[in-house]
Amino acid sequence: MANKVIGEMGLHTKISNIFAARNIITAKDALSMPEFELMELLDVGMKETKSAVALISEATSPPCQSARSLLERKVENEHLSGHLPTHLKGLDETLCGGIPFGVLTELVGPPGIGKSQFCMKLALSASFPAAYGGLDGRVVYIDVESKFSSRRVIEMGLESFPEVFHLKGMAQEMAGRILVLRPTSLANFTESIQELKDSILQNQVKLLVIDSMTALLSGENKQGAQRQQQLGWHISFLKSLAEFSRIPIVVTNQVRSQNRDETSHYSFQAKLKDGLQEQTKTYDSHLVAALGINWAHAVTIRLVLEAKSGQRIIKVAKSPMSPPLAFPFHITSAGISLLSDKGTELKGPGINTIHARGHIDMINFHGECS
């Protein structure tokens with residue numbers, strides 16, 4: 001709740017604009033400052049400052065509720081809940097139906113492991129007719145690194161659902177329901193998602209994919225506190241968008257290697273020594289999610305795709321509805337497929353570790369990135 005966006009709390013437009021102009025974006029930004037200091041920064045009277053702080057506090061600190069009242073509210077809002085099937089039986093059972101509506105789900109893993117393949121299959125599932133297990137809606141696919149391929153999506157559909165995709169015009173109709181956006185900068189992306197909030201409900205959008213958030217931020221030159229502030233705003237906005245629209249939002253995250261001295265860089269980069277590339281020794285054993293701990297706390301579901309001893313594995317590393325489980329998988333012309341629907345329970349540090357051994361021999365269909 002601390003990351004809730006101030007502009008969405010019902011403050012008077014004038015005071016809300018002043019907060020935005022002073023770069024005070026979230027409730028945490030406002031409530032972490034003494035009222036006198038906040039008054040000076042906003043350049044308004046103490047009465048207006050106290051009133052704004054009281055409203056922000058109320059919006060971010062809802063009253064205590066009993067377990068019974070929470071259960072009753074859940075039953076009342078059952079029609080707003082739901083899941084997007086992944087069509088991976090074991091994974092869907094683990095997640096109680098698939099990718100949940102109204103929250104952020106993250107896919108994290110090294111390059112070439114299959115994150116984009118997974119996202120394209122989800123896009124297909126969301127646009128698929130409800131009679132065949134889809135959501136019968138439109139998809140907004142924010143393709144930051146130009147990895148989306150309509151040809152690959154159609155291939156997945158033809159192989160996975162031949163009885164539907166061989167119907168005249170069906171393949172073109174399904175592909176036409178997926179809107180692909182390719183932002184050229186973080187500012188361009190921010191403008192796009194702000195405009196999306198008003199159009200998602202009107203246009204029957206049932207899934208938002210961002211592939212990848214890491215690539216957007218890595219293109220910026222800002223460092224340290226500025227970078228964290230940017231990320232914090234986007235975390236808050238995306239969580240708010242998911243709750244408001246009641247659709248699944250899926251975001252991919254890359255990995256970076258972390259050395260013993262705590263200096264880090266992206267896993268697909270190599271160190272330079274005397275002008276020559278030197279492979280990072282910690283590449284296989286010290287991979288971590290690139291967007292950091294604040295992002296990890298913000299996502300509700302974290303799925304880790306990794307390669308260990310030459311075998312691809314998808315791990316449910318974070319989920320409120322299941323223990324950590326691992327499923328071996330491979331990629332075929334039909335998309336990602338589990339080798340076993342029975343997951344192996346994970347314990348200890350293996351839950352959060354990320355391996356990349358053997359991923360260099362992963363060949364993608366049509367020579368495309370995954």
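**View 1. The buried side of helix 3.** Helix 3 (residues 35-42; helices are DSSP runs of H or I, at least four residues, numbered from the N terminus) has L38, M39 and L42 as its buried residues, buried being under 20% relative accessible area with a 1.4 Å probe, protein chains only. Look down the axis of helix 3 and these residues sit within an arc of 105° (taken from the directions from the helix axis to the C-beta atoms), so they line one face of the helix. On the other side, F36 and E40 are exposed, meaning over 50% on that scale. The cover over the buried residues includes helix 1 (13-21), helix 2 (27-31) and helix 4 (46-60). Right after helix 3 comes D43, with a positive phi near 60°.

This is a predicted model, where local features need pLDDT of at least 70, side-chain atom pairs count only at pLDDT 80 or more, and totals for chains, interfaces and linings use all residues. Numbering runs from 1 along each chain as its sequence is written, and side-chain values use heavy atoms, with hydrogens and water left out.

**View 2. The lining of the largest cavity.** T86, H87, L88, F118, K121, L122 and I336 line this cavity. Helix 7 (residues 115-127) gives the largest share, three residues.

**View 3. A stretch with low pLDDT.** Over residues 260-285, pLDDT (the predictor's confidence in each residue, from 0 to 100) stays under 50. The model still has 49 contacts beyond four places in sequence for these residues, a contact being heavy atoms within 4.5 Å. Where pLDDT is low, don't read the predicted coordinates in detail.

Technical notes: 1 Å grid on protein atoms, 1.4 Å probe; cavity = no way out; pocket = protein on both sides within 12 Å on 5 of 7 lines; lining within 4 Å. Helix = DSSP H or I, 4+ residues; strand = E, 2+ residues; numbered from the N terminus.
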